[in-house]
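Trainee: May we go through this structure together, one question at a time?

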Amino acid sequence: MTSTHFFITGTDTEVGKTFISVGLVSLLQQQGYKTVGMKPIASGCEWLDGQWKNEDALALIKQSQTDLAYSLINPYAFEPAIAPHIAAEREGVTLSLANIKHSYELIAEQADAVIVEGAGGWYVPLNSESTMADLAVELQLPVILVVAIKLGCINHALLTVAAIEQQGLKLAGWVANHVAEQSESTEMIETLTSRIDAPCLGVVPHLNNHQSAASFLRLPE
């Protein structure tokens, strides 16, 4: 494994990025790495302990078993469950790639491995100029793509793979995640495997939130 730090993106929102990210944190921990999950930007937060907190970030923190400050794991947290750049505009906040990178570097100093989970899909806007893709470039991390296995996923996955390659980043692998029962999933996964020039890091069945994806995943070599 050439890197223990990865950027997790997905073919869309609600594809199981957090579920897979938590699984990857667990898998790295099983390999002996001190691993921390990071959720730089999150919308759809609750007011807890005097600050806005997001359930995805809290799930990553719980698995990471870290005592790092919440604001380091999730630097930008917004109440409404809407696109991050819109939520930020409403709050008068400018999402800064430099600030996120600084938080990431502080985390990386205290961990062997960092799993950075993006928000939404690859080209989700962050401000008037930047997208989630620009954040991945700023961090210079290999990318793991979470593909929700459902109708339309082949097109979404191949478009995202092309976009990742266009940014000059390495696609370390992809995960087939069954967000629901899908009768044609075998054929879909075979098609994706034949067309994506990166390893499939796991085929995760439809699980409930109390189960872990870790046993269905493998790490990039």
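Trainee: With which residue does aspartate 56 form a salt bridge?

Mentor: The model is predicted, with residues numbered from 1 along each chain as its sequence is written; local features need pLDDT of at least 70, side-chain atom pairs pLDDT 80 or more, and totals for chains, interfaces and linings use all residues. Side-chain values use heavy atoms, without hydrogens and water. A salt bridge places a Lys or Arg side-chain nitrogen within 4 Å of an Asp or Glu carboxyl oxygen. Here the closest N and O atoms are 4.0 Å apart, and the partner of aspartate 56 is lysine 39.

Trainee: How far apart in sequence are the parts that this pair ties together?

Mentor: Aspartate 56 belongs to helix α2, whereas lysine 39 sits in the loop between β2 and β3. Helices (H or I, at least four residues) and strands (E, at least two) are DSSP runs numbered from the N terminus. The pair therefore joins parts whose separation in sequence is 17 residues.

Trainee: How many salt bridges does the count come to?

Mentor: The pair of aspartate 56 and lysine 39 satisfies the rule. By that rule, the count for the model comes to 3.

Trainee: Which strands lie at the edges of the sheet?

Mentor: The open sheet has 6 strands with parallel pairing, in the order β2-β7-β1-β8-β9-β10; strands pair if DSSP finds at least two bridges between them. The twist from one strand to the next averages 20 degrees. An edge strand here pairs on one side only, which describes β2 (35–38) and β10 (200–204).

Trainee: Which residue in β7 is the bridge partner of phenylalanine 6?

Mentor: Strand β1, residues 5–10, pairs with β7 in the parallel sense over 5 bridges. The partner of phenylalanine 6 in β7 is isoleucine 115.

Trainee: At about what angle to β2 does α2 run?

Mentor: Angles run from 0 to 180 degrees between N-to-C directions of axes fitted to C-alpha atoms, for helices over the stretch in contact (heavy atoms within 4.5 Å). Helix α1 lies across β1, β2, β7, β8, β9 and β10, at about 175 degrees to β7. Helix α2 lies across β2 and β7, and its angle to β2 is about 175 degrees.
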